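This report looks at side-chain packing and charge pairing. Keep the sequence and the coordinates open while reading.

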Amino acid sequence: MKSFFNKVYSKQSSFYRIFLFVCTTALIVYLFPKGGIFKYEFSKGKPWQYENLYAPFDFAIAKTAEEIESEKNQIKESVIPYFEYDTIVANTAKESYNNAYATYLSSLKETSFNDQALLFGRILLNDIYRYGVLQEIYSYDDDRQLFLNKGNTAEAITYGQVLTPNEVTKIINTRIEKSEFVKFKSNYVALFYDLIKPNVRLNTKLTESTLETELAKVLTTRGGVSKGSRIIAKGEVVEGDTLQILNSLKAEYESQVWSDKNFYWIVFGYCLLVSLALMMLLLFIRKYRPDIYANNTQVTFIFFNVLFMVLITTLVVKYRSDYIYAVPLCILPLVLKAFFDSRLGLFTHVITVLILGFVVPNSYEYMFLQIIAGIVTILTISESFKRANLFISVGQITCIYILAYISFHIIHEGTITKIDWLTVSLFVISGLATLIVHPLIYAYEKIFGLISDVSLLELSDTNSVLLKELSNKAPGTFHHSLNVANIAEAAANEIGANSMLVRVGALYHDIGKMVNPTYFTENQSTSGNAHDVLSPKESAKIIINHVIHGIEIAKKYNLPDRVIDFIRTHHGTSTVFYFYTKEKENNEHVNIEDFQYPGPKPFSKETAILMMSDSVEAASKSLKNPTSSLIDTFVEKIVNKQMENGQFLNSNITFKEIQQVKKVFKRKLTNIYHLRIEYPE
């Protein structure tokens, strides 16, 4: 039983990856829209590539969005609005007329016009309030029919019959000027100005209710297709009514196929396809990036990003599929390239696009656009820590999106005049949204403990607190670290390794020497050697412990694990040979393990380069009269000895790359010592 649990414990990493794989598959399938997939692919203006298609069942022909919108607009234009007539305002004005007349036209009491003038005003007032005066102006035509509610009755009139305040003024002026009371015009105008108040308003609630009732009657279908009827023949161009019938069949099929009877079979099919895609991703990582495959945190990070992009896209498809191109899918390859490499970023992007192809409309067009954009992202972005590079790359991605969309539009429509500028603007929005990649990378670094080029650039600043402390406490070590960083960076560039990571690792690899700086040659003054009073074993322990002290200091200052790896491995399991030899002179039975570094050995190209650079640069200080030939022999000897000791067995560096690194070392050391080429005499 104990051996069984030990075996299970040793395989826990594999079990975790299986668990992660199953959970990611289940979540992606759960996010998929609840509908089947139509088995035929077709595009407007393209010939039908399959055999003759016959209707598998009876179905209605759906109207296009334009047709439905046109019908709704007609209803909006034709629906009869309801207006409310306030009889209280009208009656109050009429009842107040006699008293007001006595005030404004008192001069008529002594004339023969008194009765006629009073009657003239009453008639004019009745005419004005026959259909009332509007409280506000509406954008209806004068001949637009409306219902005017007066109490419990509704009268059908036209909008032009209801007066506006300006029209009331014109009517009063015109009628008075044509009457025999024109000389009393100012009195009449003042009279009616005080009496006449607007009394007609739009009944918004009743009008909108009527409109909604009429809009609800709009049918989304027109006619139908009977089972067995031929829909389209092979080679026939997909356009017009045929295109609409095919779209109707597709929608009907996808809504019918997801039934209780077929539910589990469709879910099973989705699970197989999604798991197959994710399995391809896992196998790719295992074959080409075994270091990532062995790190469950990094595998989780990759699967999380795939799931995150699927989540955003499926939500947009569910609630507003028109905005599908606003999703900044190119963030995925940008993020993965920032933390890993271009090939993994592109492969993961393609797998994600293939998964999304199950759920997005116009899947072929969508997949083509996104894959092309992903390729452009990988090819154009370099040195992502430079902000200008990101802006340039985003501009290029947006241009590619727009050009590809216009190309598809021309193929479908045969013209460039009907381009949907809303879709073009969505590509611009997607490009702008891609700029959030920098804060997103920062968040990922904190959550998953990863490190990007942006952080490496910050760590390479020699004015940082830790490096300043190193330069103050151990100036010789600091100078040594700078030289190692320059040599290692050049070597990494030569073989295509991560030069920024190597440089940062080189700058911090010896920070442990700050604990006992005077016990290291580069920091010793001419006054003496601190090791003279120590035994070889004690001296070796102090030398070896600088690795342990370096790890402790690095963790105290929250350096990333990938940088700490350089501190752990820069001596591998090598021996402090000087003190070992010295101890052996006095004790033949010396234990070599007391003089060996604890390791581990370098396990990447970058850590292997640092080990070689550190040894070569440190040992080069012992050269008395360096020459080009002496440096060549010196470099070969040191690196070959490390190879013989098996220090590079765990790193993925090749013999060819080691030879290239040697050449860089020789060239850099020759430049450091300002040597000229030795010519034969």
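## A threonine and its surroundings

Thr 377 touches Cys 330, Pro 333, Leu 334, Ser 393 and Ile 397, leaving aside residues up to four places away in sequence. The model is a predicted one. Thr 377 is part of helix α16, which spans residues 363–380. Its relative accessibility is 0%, so Thr 377 counts as buried.

The side chain of Thr 377 also makes a polar contact. It reaches the backbone oxygen of Ala 373 at 2.7 Å.

## Nonpolar cores

Which residues touch the most other members of the largest nonpolar core? They are Phe 301, Val 335 and Ile 355, in a core of 63 residues. Ile 355 shows what such contacts look like. Its partners are Ile 28, Phe 32, Ala 277, Leu 278, Val 306 and Val 310, again not counting residues up to four places away in sequence.

Another core lies apart from this one. It has 38 residues, including Val 484, Phe 520, Ile 567 and Val 590. In soluble globular proteins, nonpolar side chains tend to be buried together.

## Aromatic pairs

The whole structure holds 28 aromatic pairs. One of them joins Phe 83 and Tyr 138. Their ring centres are 5.4 Å apart, and the planes meet at 80 degrees. That makes the pair edge-to-face. Phe 83 sits in strand β3 (residues 82–85), while Tyr 138 sits in the loop between α6 (114–128) and β4 (145–150). The pair therefore ties together parts that are 55 residues apart in sequence. Both Phe 83 and Tyr 138 are buried.

Tyr 97 and Phe 192 pair in another way. Their ring centres are 6.3 Å apart and their planes are at 15 degrees, so this pair is stacked. Tyr 97 belongs to helix α5 (residues 97–104) and Phe 192 to helix α8 (residues 185–195). The two rings thus link parts that are 95 residues apart in sequence. Tyr 97 has a relative accessibility of 1% and counts as buried. Phe 192 is buried too, with a relative accessible area of 1%.

## A ring cluster and charges over rings

Ring pairs also build a cluster. Its members are Phe 301, Phe 304, Phe 308, Phe 339, Phe 340, Tyr 444 and Phe 448. Phe 301 appears again here, having been named among the residues with the most contacts in the largest core.

Two arginines sit over tyrosine faces. Arg 17 lies over the face of Tyr 293, at 4.1 Å from the ring centre. Arg 320 lies over the face of Tyr 323, at 4.7 Å from the ring centre.

## Salt bridges

How many salt bridges are there? The count comes to 16. Glu 469 pairs with Lys 473, with the closest N and O atoms 2.8 Å apart. Both residues are in helix α21 (residues 465–473). They are 4 residues apart, so about one helical turn separates them. Lys 473 is partly exposed, at 45% relative accessibility.

Asp 510 and Lys 513 form a salt bridge at 3.2 Å, N to O. Is this pair buried or exposed? Asp 510 counts as buried because its relative accessibility is 1%. Lys 513, at 9%, counts as buried as well.

Asp 594 and Lys 537 meet at 3.4 Å, N to O. Asp 594 lies in the loop between α26 (577–586) and α27 (605–620), and Lys 537 lies in helix α24 (residues 536–556). This salt bridge therefore ties together parts that are 57 residues apart in sequence. Asp 594 is partly exposed, with a relative accessible area of 32%. Lys 537 is partly exposed at 46%.

Salt bridges also form a network. Glu 67, Arg 222 and Asp 241 are linked in it.

## A glutamate on helix α3

Glu 77 lies in helix α3, which covers residues 65–78. At 59% relative accessibility, Glu 77 counts as exposed. Its C-alpha atom is 9.1 Å from that of Arg 144. Along the chain, Glu 77 and Arg 144 are 67 residues apart.

Methods: Residues numbered from 1 in each chain as written. Predicted model: local features only at pLDDT ≥ 70, side-chain atom pairs only at ≥ 80, totals over all residues. Heavy atoms only, no water. Phe/Tyr/Trp six-rings, centres within 6.5 Å; stacked < 30°, edge-to-face > 60°. Helix = DSSP H or I, 4+ residues; strand = E, 2+ residues; numbered from the N terminus. Buried < 20%, exposed > 50% of the residue type's maximum accessible area, 1.4 Å probe, protein only. Lys NZ or Arg CZ within 6 Å of the ring centre and 35° of its normal. Core = buried A, V, L, I, M, F, W, Y, C linked by side-chain atoms within 4.5 Å. Contact = heavy atoms within 4.5 Å. Polar contact = N/O pair within 3.5 Å; in protein donor to acceptor, adjacent residues only side chain to side chain. Salt bridge = Lys/Arg side-chain N within 4 Å of Asp/Glu carboxyl O.
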